[in-house]
Amino acid sequence: MTSKAPVNQHPSTQEASPVRVRIAPSPTGDPHVGTAYIGLLNYIYARQRSGQFILRIEDTDRTRFVPTSEQMIFDSLRWVGLTWDEGPDVGGPYGPYRQSERTEIYREHAEMLLANGHAYRSFETAEELEAMRQQQIAAKVPPRYNGAHRHLTQAQIDAYLAEGRPYTVRLKVPENQSTTFTDELRGPITFDHNNVDDQVLLKSDGYPTYHLANVVDDHLMRITDVIRAEEWISSTPKHVLLYAAFGWELPRFWHMPLLRNTDKSKISKRKNPVSLVFYQQSGYLPQAMLNFLGLLGGGMAQPTEQEIVSKGLNTKEGDIFSLAEMLEKFDFRRISLGGPVFDLVKLKWLNGEYLRKLTPEEFFTALRSTILSDSYIRAIAPLVQSRMEILGQFGDMTGFFFADNILPPESVWLPKKRTFEESLAFIAEQLTALEAAAWEAEAIESSLKTLGEAKQWSVKENFMLLRAILTGSTSSPPLVESMIVFGKARTLDRLRRFLDVQKKQANQRK
RNA sequence: GGCGUUAUGGUGUAACUGGUUAACACGUCGCCCUCUCAAGGCGAAGAGUCCGGGUUCGAGCCCCGGUAACGCUACCA
């Protein structure tokens, strides 16, 4: 057996070149707090070193692509106060910054690897691969590509190509070796190649996977430091191997701790609001959000006791700081590696602190630009105009649009002919259906009706249940229109919170 | 299952190169203020640093061995 010494011990990039970092979100839905978190870290890193911060859109997964998502990412990141030096919307010398516009580049690079023997064509179908995976799982062996097409003869390859068979391009991971790279926060990390799969680099639809596109773009865009979430550690050896296969210099890798739900699992929308749009629409202040994100993972030194005394600081001021202060004091070496829980309670407290510091005029402006904006009220008004006799009834009819907590009692929401359990189960299904729906009237209505038919809930029962939970009342402006105005993020959050509360209460009763 | 990462009160973080009763903030509880609720003020409870060994005069910090949580294990990122 060959020795498994770390032969691929690659040196890190030297300090010389100007720092360039990037975030690369995927437009697959609402912009994520995790993107803002990693974005903030990259931003601070770049600004502290007079470097550049680049925004790149990773839209190579056509199956999950959401057209409106990209603009929402721009808007949300700007909302929290981050700006980028290069990106799809601002241009720059290393564009295009949208991966779907770079497919030719990836194809060429895949060809290069094919030519120099670091990659090979794999002609299996997705179904065949899935079947293989299932067998391996059943046989209790680690699911991995078996390398069947690694050693296809040229004649076989030509025959397949002549047939026009679709194929993927896979990385040829050297056998009986290991790869070691340095994580700037954790030190050297080694992976035995037995545990590194022959990753698909180019999909059969001609689009690259993350791994290829990411490495190619990072190199072409002169990225010096890859600052990304911890979930990427496992695939870093693939990236290191790719840099080596191209003969490129390695960037530095910084893997940041993963944001968590209260139960410590990776933060997810089922357990926590993760959409930046949600926080914006719910009336969180961007400074508070940024401050909160800066708090997670350490990085900011707490004031010493001397500082507290000499500057007359209130001790809680140690937790309150602006972006400017982060640029001044944030220290990447201080980052603590345990995944921090995204604690809404502390975020709310922080937001309250910021709110109280506003002057009355600023506070009024904040209200008028968010929860009481002309555009919001203008959207709500037509839903109630025909139902009103005097203007004073506006509040009675629209309160739920301006509320954070709507928790109707059972007497309001529980349908007469349904049990508690079946109703809750149905709400959970409504939630799932709505999560998948495009946020426009027909899509919402039809997905709800389809669900109702499948589960034998009449349209009336179906919509009334939702109405009660969302508005807190059995009479309200038109439901679907109200949901649209209220927004997808907040609507889904209200449903999730309702379910959480009901489940907790049900558990307590037991 | 395999591989990797991580591990300080309920939560986020502190604790200089190992050095007295492990600190700050959020949350919780109590008291004060007050027409209520917040805010504010004062105070309290809550961890002996995942577990077990070792080194040392001395370990949250160093070493060894476990355990658990999390991540990855896709033609998703």
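The following legends describe close-up views of a predicted model in which a protein chain lies beside RNA strand B.

**View 1. Protein residues around RNA strand B.** RNA strand B is surrounded by 57 residues, and those that come nearest are Ser-26, Asp-61, Gly-297, Thr-315 and Asp-319. Of the RNA atoms that come within 4 Å of the protein, 82% belong to sugar and phosphate. Sorted by class, the surface near the strand comprises 20 charged, 19 nonpolar and 18 polar residues.

**View 2. Secondary-structure elements at the surface near RNA strand B.** Two helices, α4 (126–138) and α12 (344–357), each supply at least two residues of this surface. The strands β5 (168–171) and β7 (187–192) likewise each supply at least two. Helix α12 provides the largest share, with five residues.

**View 3. Polar contacts with the bases and a phosphate of RNA strand B.** At Glu-124, a backbone N or O atom lies 2.7 Å from a base nitrogen of the RNA. At Ser-204, a backbone N or O atom lies 2.7 Å from a base oxygen. Arg-133 instead uses its side chain, in which an N or O atom is 2.9 Å from a phosphate oxygen.

**View 4. The pairing of strands β2 and β3.** Strand β2 (residues 20–23) pairs with strand β3 (residues 52–55) in the parallel sense, over four bridges. Within this pair, Val-21 stands opposite Phe-53 of β3. The chain passes from β2 to β3 through helix α1 (residues 33–48), forming a right-handed β-α-β crossover.

Technical notes: Residues numbered from 1 in each chain as written. Chains lettered and ligands numbered in written order. Predicted model: local features only at pLDDT ≥ 70, side-chain atom pairs only at ≥ 80, totals over all residues. Heavy atoms only, no water. Near = heavy atom within 4 Å. Polar contact = N/O pair within 3.5 Å; in protein donor to acceptor, adjacent residues only side chain to side chain. Nonpolar A, V, L, I, M, F, W, Y, C, P; charged D, E, K, R; others polar. Pairing = 2+ DSSP bridges. Right-handed = clockwise from strand over helix to strand, strands pointing away.
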